[in-house]
Amino acid sequence: MSESKRLAAEKAIEYVEDGMIVGVGTGSTVAYFIDALGRIGDRIKGAVSSSEQSTERLRGRGIEVLDLNATGPLSLYIDGADECDPHKRLIKGGGAALTREKIIAEASEKFVCIVDPSKRVDVLGRFPLPIEVIPMARSLVAREILALTGGQPVWRQGADGAPVVTDNGNWVLDIHNLSITDPVGLEQALNPIPGVVCVGLFARRPADVVIVGAEPPQVL
Ligand SMILES: O=C[C@H](O)[C@H](O)[C@H](O)COP(=O)(O)O
C-alpha cells in the first residue's frame, strides 16, 4: 500500500502552483505528500497544517507553517482519508486529526484527497466513524449515538490503554457497525449533540478531486 500512497501523493503535487499557501492534512499518505512538497518548498509561500505531526514534518522539510487566521481562505487542501465513496464523501480521523482537517477543508477552494485503492468503498461505514468529543461528554455522546444510529461507540485508547488525546485536548469515539447510506443526514444529525466537537464524516463538504494511487494514478 505504501507505494500506492506515494504515487497518489506525487500526483497531487501537480495541483500546487507557485506562490500558493497549501493546506496540508495528516497521515501516512500525506507524509509522502509533505516529502514531495519539500522538494518544491522554495516555490510556495508556506503551508497551513492540520496537526502537530504534520507541522513537525513540514518544518523538517523547510516549509513555513502559517496560521489559518492570518492566511484567510486557501486555494488548495491536500489530505488523505480512511474511506471514500463514489460521491467523494469521506470518513476521516483515523489519526485523530479530524477537527483541524475539517476546518481547513472548509476554508479551502479545492480539496484534493489522496488515497490508496483499499480506501474506496460503495457505502461508508466499514471503517469505524471517528467522533472527537469533549472528555466530560464521552458517555453522554456514546449513549446518544447508540440510540440514534444503533452503531457501537468505542472509546479510542492507545496501545498502553491510555485514552488517545487529540491535538485539541479531547477524546475520540469510534462508531462501529454503521452502514452510512445518508452521509449528509448522519453528519447533520450527529453534529448538534452537546459535547461533539467534530464528526469524521466529510459529506457536507466532500473532496473535489480524489487521486487513487496506482500506476498510472487515477484521478476521480
Ligand atoms: O486523522 C487522520 C486523517 O483523517 C487521515 O487523513 C486518515 O486517517 C488517513 O490516513 P492514512 O493516509 O494514514 O491512511
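Visitor: Is Arg 57 buried or exposed, going by its C-beta neighbours inside 10 Å?

Guide: Burial here is a neighbour count, and 20 or more other C-beta atoms within 10 Å make a residue buried. Bear in mind that this is a predicted model. Arg 57 has 21 C-beta neighbours inside 10 Å, so it counts as buried.

Visitor: Where is Arg 57 found, and what does it touch?

Guide: Arg 57 sits in helix α3, residues 52-60. Leaving aside residues up to four places away in sequence, Arg 57 touches Ala 31 and Ile 34. As for Leu 201, it is 144 residues from Arg 57 in sequence, and the two C-alpha atoms are 25 Å apart in space.

Visitor: How do I read burial for a whole helix, say α1?

Guide: Apply the same count to each residue. In helix α1 (residues 2-12), eight of the 11 residues are buried, so the helix is largely enclosed by the rest of the structure. Among the buried ones are Ser 4, Lys 5, Arg 6 and Leu 7.

Visitor: What do the buried residues of α1 pack against?

Guide: They pack against α2, β3 (74-79), β6 (108-115) and β12 (209-212).

Visitor: How about the nonpolar core?

Guide: The general idea first: in soluble globular proteins, nonpolar side chains tend to be buried together. In this model, the largest nonpolar core has 61 residues, and those touching the most other members are Phe 33, Ile 78, Val 112, Cys 113, Ile 114 and Ile 131. Domain 1 and domain 2 both give residues to this core, so it lies between them. Take Phe 33 as an example: beyond residues up to four places away in sequence, Phe 33 touches Ala 9, Ala 12, Ile 78 and Ile 114.

Visitor: Which residues make up the two domains?

Guide: The domain assignment gives domain 1 as 2-121 + 204-219, and domain 2 as 129-200. Their C-alpha centres lie 23 Å apart.

Visitor: And how many residues are in contact across the two domains?

Guide: One common way to size an interface is the accessible area lost when the parts come together. What we have here is a contact count: 14 residues of domain 1 are in contact with 14 residues of domain 2. On the domain 1 side, helix α5 (residues 98-107) gives the largest share, four residues. That side has four nonpolar, four polar and six charged residues.

Visitor: Which annotated residue should I look at in α5?

Guide: Glu 101, which is in helix α5. The "active site" annotation on Glu 101 comes from an unreviewed UniProt entry, and such annotations may be inferred rather than shown by experiment. Glu 101 is buried, with 30 other C-beta atoms within 10 Å. Not counting residues up to four places away in sequence, Glu 101 touches Gly 25, Thr 26, Ser 50, Asp 79 and Lys 92.

Visitor: How many residues surround the ligand, and which are the closest?

Guide: There are 17 around the ligand, the closest being Gly 27, Thr 29, Gly 80, Gly 94 and Gly 95. Helices α2 (28-39) and α5 each supply at least two residues of that shell. By class, the shell divides into four nonpolar, nine polar and four charged residues.

Visitor: Last one: where is Gly 200, and is it buried or exposed?

Guide: Gly 200 is in the loop between β10 (196-199) and β11 (201-202). Gly 200 is buried, with 30 other C-beta atoms within 10 Å. Its contacts beyond four places in sequence include Lys 92, Leu 98 and Ile 131.

Terms used
Residues are numbered from 1 along each chain as its sequence is written. This is a predicted model: local features need pLDDT of at least 70, side-chain atom pairs count only at pLDDT 80 or more; totals for chains, interfaces and linings use all residues. Domain bounds come from an automatic or database domain assignment. Two residues are in contact if their C-beta atoms, placed from the backbone, lie within 7 Å. Ala, Val, Leu, Ile, Met, Phe, Trp, Tyr, Cys and Pro count as nonpolar, Asp, Glu, Lys and Arg as charged, and the others, Gly among them, as polar. A residue is near a molecule or strand if its C-beta atom, placed from the backbone, lies within 6 Å of it. A nonpolar core is a set of buried Ala, Val, Leu, Ile, Met, Phe, Trp, Tyr and Cys residues joined through C-beta atoms within 7 Å. A residue is buried if 20 or more other C-beta atoms lie within 10 Å of its own, exposed if 12 or fewer, and partly exposed in between; C-beta atoms are placed from the backbone.
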